[in-house]
Every structure is written in C-alpha cells, then in structure tokens.
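Visitor: I am new to this structure. Please take me through one part of it closely, and show me how that part sits in the rest.

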Amino acid sequence: MTERIVVVGAAVLHGGRLLAARRSAPAELAGRWELPGGKVEPGEASEGALVRELREELGVESQALARVPGEFPLKAPYTLHVWTARLVPGSPEPEPLQDHDELRWLTPDELWDVEWLDQDVAAVMEVARGPWGDGAPDD
C-alpha cells in the first residue's frame with residue numbers, strides 16, 4: 001500500500017477577499033487557478049509547510065489559522081488539506097514567484113470568475129461555506 005502524501009493549500013483571506021493563483025506549470029495545469037501551497041515534507045507539520053510554501057511561492061509571511069473541513073483527493077497518492085491563512089503584518093504583497101503567472105484577490109461575488117483546477121473546486125466551495133474572511137484583518 002502506498003502511503004498518502006499530504007499537500008497543503010492556503011485559503012489566504014485578506015480584507016474579505018480570497019487569494020487565487022494561476023498555474024504556469026506544469027503544462028497540463030497551466031492557465032487554471034488554485035489555492036497556493038505544496039507538499040508537506042517528512043517530519044514537517046502541515047501549518048509549517050503552509051507557511052514555507054507561501055514564502056517560497058509568493059514571497060509572503062503568513063500564519064495558518066484553521067483547517068478547512070475535509071480532505072480533497074488529488075492524483076494518487078496525494079491528498080489536499082486546506083487551511084485558512086492570513087498575511088502577517090509587515091508582509092510584502094504576494095507575487096507569483098514559482099509555478100504561477102498571475103494572482104487575483106477575489107471577493108465572494110467573484111469567486112467563480114476564474115477557472116479553478118478540478119481538484120480545488122470542492123475545497124473552494126468549503127472555504128466559501130465558512131465565515132468569509134474570519135480571522136483576516138481588514139488592513
């Protein structure tokens with residue numbers, strides 16, 4: 001039996017908006033949108049992986065807030081866990097540094113204006129069910 005590998009996705013909330021990232025690689029995912037994040041390394045806590053991935057991918061300093069209910073299946077052996085997160089005070093603005101070519105802050109009304117990766121749709125729906133922007137400062 002293959003051990004599953006956890007991928008963390010960040011529902012970064014700020015000022016009542018959700019951060020979406022458009023993939024530029026790999027080719028089969030390019031042009032579609034996702035919650036940024038990446039693989040949890042062996043011995044690493046999910047919250048730590050989330051903070052590390054956002055620093056590497058977007059150049060931001062962040063804080064994991066709460067786990068979004070559910071596990072979202074990806075291509076075996078991967079499974080997606082999503083956390084709400086916020087930018088910490090003094091963090092630079094996010095930039096698409098790795099595997100992304102565009103970022104957008106989406107209001108609840110704009111949430112479905114982008115073409116999400118199939119595997120992120122259920123996670124985004126779950127985030128949208130929660131208290132929108134809870135824990136995200138409006139600054």
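**A close look at the loop around G31**

Guide: Start in the loop between strand 2 and strand 3, where G31 has its place. Keep in mind that this is a predicted model. G31 has a relative accessibility of 38%, so it counts as partly exposed. Leave out residues up to four places away in sequence, and G31 touches R22 and R23. Strand 2 covers residues 17–23. Now look further along the chain. G31 and E115 are 84 residues apart in sequence. In space, their C-alpha atoms are 8.2 Å apart.

Stay in this loop for one more feature. P26 also lies between strand 2 and strand 3, and strand 3 is residues 33–34. The peptide bond that joins A25 and P26 is cis, with omega about -10°. Most peptide bonds are trans, and most residues other than glycine have a negative phi. A second cis bond joins A76 and P77, with omega about 10°. P77 belongs to the loop between strand 6 and strand 7.

Now step back to the whole chain. It has two helices and eight strands. From the N terminus, the order is β-β-β-β-α-β-β-β-β-α. The radius of gyration is 14 Å, close to the 14 Å from the globule rule for 139 residues, so the chain is as compact as a globular protein of that length. Its C-alpha trace spans about 45 × 30 × 30 Å along the principal axes. Of the 139 residues, 44% count as buried. Take the contacts with a separation of 6 or more: residues 24 or more positions apart account for 68% of them. The G31 and E115 pair, 84 residues apart in sequence, is one case of distant positions to find on the model.

The surface comes next. The accessible surface is about 7,100 Å², and carbon and sulfur atoms hold 50% of it. The chain carries 13 positive and 26 negative charges. The mean positions of the two sets are 3 Å apart.

Next, follow the chain to helix 1. This helix is residues 46–58, 13 residues in total. At 1.5 Å a residue it should span 18 Å, and its end C-alpha atoms are 18 Å apart, which agrees. Its buried residues are S46, A49, L50, V51, R52, E53, L54, E57 and L58. What covers them? The cover includes strand 1 (5–14), strand 2 (17–23) and strand 4 (37–39). It also includes strand 5 (62–67), strand 7 (78–87) and strand 8 (100–106). Strand 2, which comes before the G31 loop, is thus among the elements that cover helix 1. After the helix comes G59, with a positive phi near 70°.

Strand 5 gives a view of helix 1 from the other side of a contact. S62 has its place in strand 5. At 8% relative accessibility, S62 counts as buried. Set aside its neighbours within four places in sequence, and S62 is in contact with V51, L54, R86, L87 and V88. V51 and L54 are two of the buried residues in helix 1.

Move on to strand 6, residues 72–73, where F72 has its place. F72 has a relative accessible area of 9% and is buried. Beyond residues up to four places away in sequence, F72 touches T79, L80, V82, Q119, A122, A123 and E126. T79, L80 and V82 fall within strand 7 (78–87). Q119, A122, A123 and E126 fall within helix 2 (118–129). F72 and V6 are 66 residues apart along the chain, and their C-alpha atoms are separated by 10.0 Å.

Two more stops remain. D99 is in the loop between strand 7 and strand 8. Its phi is positive, near 65°, in a residue other than glycine. D99 has a relative accessible area of 35%, which makes it partly exposed. G130 lies in the segment after helix 2. With a relative accessible area of 29%, G130 is partly exposed. G130 and P69 are 61 residues apart in sequence, with 9.5 Å between their C-alpha atoms.

Return now to the starting point. G31 is partly exposed, and its contacts beyond the nearby sequence are with R22 and R23.

Technical notes:
Residues are numbered from 1 along each chain as its sequence is written. This is a predicted model: local features need pLDDT of at least 70, side-chain atom pairs count only at pLDDT 80 or more; totals for chains, interfaces and linings use all residues. Side-chain values use heavy atoms; hydrogens and water are left out. Helices (H or I, at least four residues) and strands (E, at least two) are DSSP runs, numbered from the N terminus. The expected span of a helix is 1.5 Å times one less than its number of residues. Buried means under 20% relative accessible area, exposed over 50%, partly exposed in between (1.4 Å probe, protein chains only). Contact means heavy atoms within 4.5 Å. The radius of gyration is taken over C-alpha atoms; the globule rule is 2.2 Å times the number of residues to the power 0.38. Accessible areas come from the Shrake-Rupley method with a 1.4 Å probe; for residues, only the protein chains shown count as cover. Lys and Arg count as positive and Asp and Glu as negative; His and the chain ends are not counted. The place of a charge is taken as NZ of Lys, CZ of Arg, CG of Asp or CD of Glu.
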